[in-house]
Each structure stands twice: as C-alpha cells, then as structure tokens.
Amino acid sequence: MCGLLECCARCLVGAPFASLVATGLCFFGVALFCGCGHEALTGTEKLIETYFSKNYQDYEYLINVIHAFQYVIYGTASFFFLYGALLLAEGFYTTGAVRQIFGDYKTTICGKGLSATVTGGQKGRGSRGQHQAHSLERVCHCLGKWLGHPDKFVGITYALTVVWLLVFACSAVPVYIYFNTWTTCQSIAFPSKTSASIGTLCADARMYGVLPWNAFPGKVCGSNLLSICKTAEFQMTFHLFIAAFVGAAATLVSLLTFMIAATYNFAVLKLMGRGTKF
C-alpha cells in the first residue's frame with residue numbers, strides 16, 4: 001500500500017500542472033467554440049432567409065460562406081483535440097526532463113531515456129539492470145526524439161496563437177452585430193428611453209455586409225424588428241454566439257499557457273544542456 005502511495009506521489013510531483021490546465025481549457029474552449037459556432041451560423045442562416053430577404057439569390061453567397069465555415073469548424077475541432085493531446089504529452093516529457101535536472105523527483109526508466117535525448121545526457125553504462133530495460137529505453141528514446149523538442153512546439157504554438165487571435169477577433173463581430181440589434185429592440189420596447197421614432201429604428205443586414213445592397217427588404221424596422229428579437233431563434237442564436245466567443249477566449253488562454261510552459265522548458269533544457277548553472 002505504501003508503495004502505491006509513493007508511486008502516486010511521484011507521479012503527482014512530476015505532473016505538468018500548467019499543461020494539464022491548458023489542455024482542459026483547450027478542449028473546453030474548442031468544444032464550446034465549434035459546437036456553439038456551428039449552431040449559431042445555422043440560426044443566422046434561418047433568420048436571414050426568413051426575415052431579411054425573400055430572394056434566394058440575395059443570400060446564396062452567404063449560405064455558401066456559412067457552409068464553408070461549418071466545414072472549417074469540423075477541421076478545427078479535430079486538429080485542436082489532436083494538437084492539445086500532443087502538447088500535453090510534450091509537457092509530461094519535458095517537465096520530467098526538467099525536474100530530473102533539478103533533482104525534484106526520481107525518474108523512471110522512460111524519464112531517463114527522454115532526459116538523455118533532450119538534454120544530451122550520457123547513455124547507459126551497460127549494467128545488468130539497464131540491459132534488462134534496454135528495449136523500453138529505446139522506445140522512450142524514439143518518443144523523446146519526437147516529443148522532446150520544445151523549441152518546435154514553441155514555434156508552432158506561437159503561430160497558432162497569432163492565428164487564433166484573428167479567430168478571436170472575428171468571433172466578436174457577430175456578437176457585436178447581434179448586440180446592436182438587441183439594443184435597438186430594447187429602444188423599441190421602451191420608447192421613452194429614446195427620442196427617435198420607433199419606425200426609424202431598424203436592423204439593416206446590408207450595412208454589415210451580410211447581404212448585398214440590392215437585397216430586398218434587407219432591413220427590418222419598428223415593431224417587426226421587436227417581434228423578431230422576441231423569437232426563440234434570435235435569442236438562442238445570440239447566446240450561442242456569445243458562448244462561441246467565450247470558447248474562443250478560453251482557447252486563446254490555453255494556447256498562451258502552453259506557449260509559456262513550453263518556452264520555460266525549452267529555456268531550461270537548452271541552458272542546462274550547455275552546462276549553464278542558475
């Protein structure tokens with residue numbers, strides 16, 4: 001029993017908590033962004049074709065763009081779940097190598113194999129025990145050659161972070177549009193709070209580039225707009241876009257956390273590999 005507890009304690013000490021938290025955030029954020037974003041785009045398509053244009057040619061291009069984005073969402077979800085798992089594995093391996101350098105815990109055979117790979121340490125001296133674990137060490141060396149390069153993960157994660165910043169900014173655009181529409185509806189519902197005539201308060205899909213300028217009617221005003229804002233479709237789509245925006249923010253935080261952790265591990269392994277002492 002004590003041996004099991006000791007083993008669990010060593011595993012907990014060697015766990016990369018930053019990578020674990022980042023992986024959880026990444027999976028949660030991507031699932032929220034992709035799932036809610038997909039449904040929000042579907043809801044937007046229904047709102048446009050039901051209330052803002054009766055001519056299919058006016059929103060045919062928009063529907064094609066929405067369908068393209070939905071396919072991109074499928075690919076994004078698959079990629080990030082795979083890459084998040086790789087980053088977590090890289091975090092376990094490089095954190096084990098870093099903590100072996102500082103002597104925080106006693107490593108296993110696999111940890112020693114990886115540490116020798118990423119830090120340039122000496123190979124086994126041919127003892128009997130090491131000969132018995134030779135096969136396992138070879139496997140770990142192979143894994144180490146692939147995962148034990150935090151510099152590559154730093155570069156890839158940095159590029160993904162820059163790209164995801166653009167995704168995060170783009171995810172704020174539909175939230176802004178729906179919020180403006182909802183604010184206009186609030187002004188219509190409470191006319192005493194505005195000096196404008198109710199009939200002049202409109203939501204124009206053309207001014208946001210959603211529909212071409214020759215689309216008819218292209219905009220909805222007054223009480224008709226208020227009735228749209230009260231529908232379950234509008235309310236659900238609005239909240240789904242907000243949830244997708246939150247998911248994009250969580251994914252961005254996870255990428256930044258991954259990048260910081262990988263940069264730290266790379267710096268330590270690089271410096272200690274050259275014999276530099278802190």
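The following dialogue introduces a predicted model of a single chain.

Student: Which pattern of helices and strands does the chain follow along its sequence?

Tutor: In this predicted model, the secondary structure comprises nine helices and two strands. Read along the sequence, these elements give the pattern α-α-α-α-α-α-α-β-β-α-α.

Student: What percentage of the residues in the chain is buried?

Tutor: A residue counts as buried when its relative accessible area is under 20%. The chain has 278 residues, and the buried share of them is 40%.

Student: Which residue ranges does UniProt list under "transmembrane region", and how far apart are the end C-alpha atoms of residues 153-179?

Tutor: The unreviewed UniProt entry lists residues 12-33, 68-89, 153-179 and 240-267 under that name. In the model, residues 68-89 are 100% helix, and their end C-alpha atoms lie 32 Å apart. Residues 153-179 are likewise 100% helix, and the distance between their end C-alpha atoms is 38 Å.

Student: Are the rings of Y178 and F241 stacked, edge-to-face or tilted?

Tutor: The structure holds 13 aromatic pairs. For Y178 and F241, the ring centres lie 5.4 Å apart. Planes under 30 degrees apart count as stacked and those over 60 as edge-to-face; the planes of this pair stand at 40°, so the pair is tilted.

Student: Which helices does this pair of Y178 and F241 link, and how many residues apart are the two in sequence?

Tutor: Y178 is buried at 10% relative accessibility, and F241 is buried at 8%. The pair links distant parts of the chain. Y178 belongs to helix α7 (residues 150-189) and F241 to helix α9 (residues 232-273), and their separation is 63 residues.

Student: Which secondary structure elements does the disulfide of C185 and C229 tie together?

Tutor: A disulfide is a covalent bond between the sulfur atoms of two cysteines. The sulfur atoms of C185 and C229 are 1.7 Å apart, and the two cysteines are buried, with relative accessible areas of 2% for C185 and 4% for C229. Because the pair is 44 residues apart in sequence, the disulfide joins separate parts of the chain, namely helix α7 and helix α8.

Student: What is the handedness of the disulfide between C202 and C221?

Tutor: This disulfide, with an S to S distance of 1.8 Å, connects strand β1 (residues 202-204) to strand β2 (residues 219-221). C202 is partly exposed at 26%, as is C221 at 22%. The torsion about the S-S bond is about 105°, so the disulfide is right-handed.

Student: Why does C34 form no bond with the closest cysteine sulfur, and which residue holds that sulfur?

Tutor: C34 is buried, with a relative accessible area of 6%. A disulfide requires sulfur atoms within 2.5 Å. The closest cysteine sulfur is 9.8 Å away, too far for a bond, and it belongs to C36.

Student: How large is the arc covered by the buried residues of helix α8, and which exposed residues lie on the face turned away from them?

Tutor: In helix α8 (residues 222-229), the buried residues are G222, L225, L226, I228 and C229. They cover an arc of only 160° around the axis, which puts them on the same side of α8. The face turned away from this buried side carries the exposed residues S223 and N224.

Student: Which residues is T181 in contact with, leaving aside neighbours within four places in sequence?

Tutor: T181 lies in helix α7 and is buried at 12% relative accessibility. Leaving aside those sequence neighbours, its contacts are A203, L225, C229 and F234.

Key:
Residues are numbered from 1 along each chain as its sequence is written. This is a predicted model: local features need pLDDT of at least 70, side-chain atom pairs count only at pLDDT 80 or more; totals for chains, interfaces and linings use all residues. Side-chain values use heavy atoms; hydrogens and water are left out. Helices (H or I, at least four residues) and strands (E, at least two) are DSSP runs, numbered from the N terminus. Buried means under 20% relative accessible area, exposed over 50%, partly exposed in between (1.4 Å probe, protein chains only). Rings of Phe, Tyr and Trp (its six-membered ring) pair if their centres lie within 6.5 Å; planes under 30 degrees apart count as stacked, over 60 as edge-to-face and the rest as tilted. UniProt positions are given in the numbering used here, feature names are shortened, and annotations may be inferred rather than shown by experiment. The arc is that of the directions from the helix axis to the C-beta atoms. Contact means heavy atoms within 4.5 Å.
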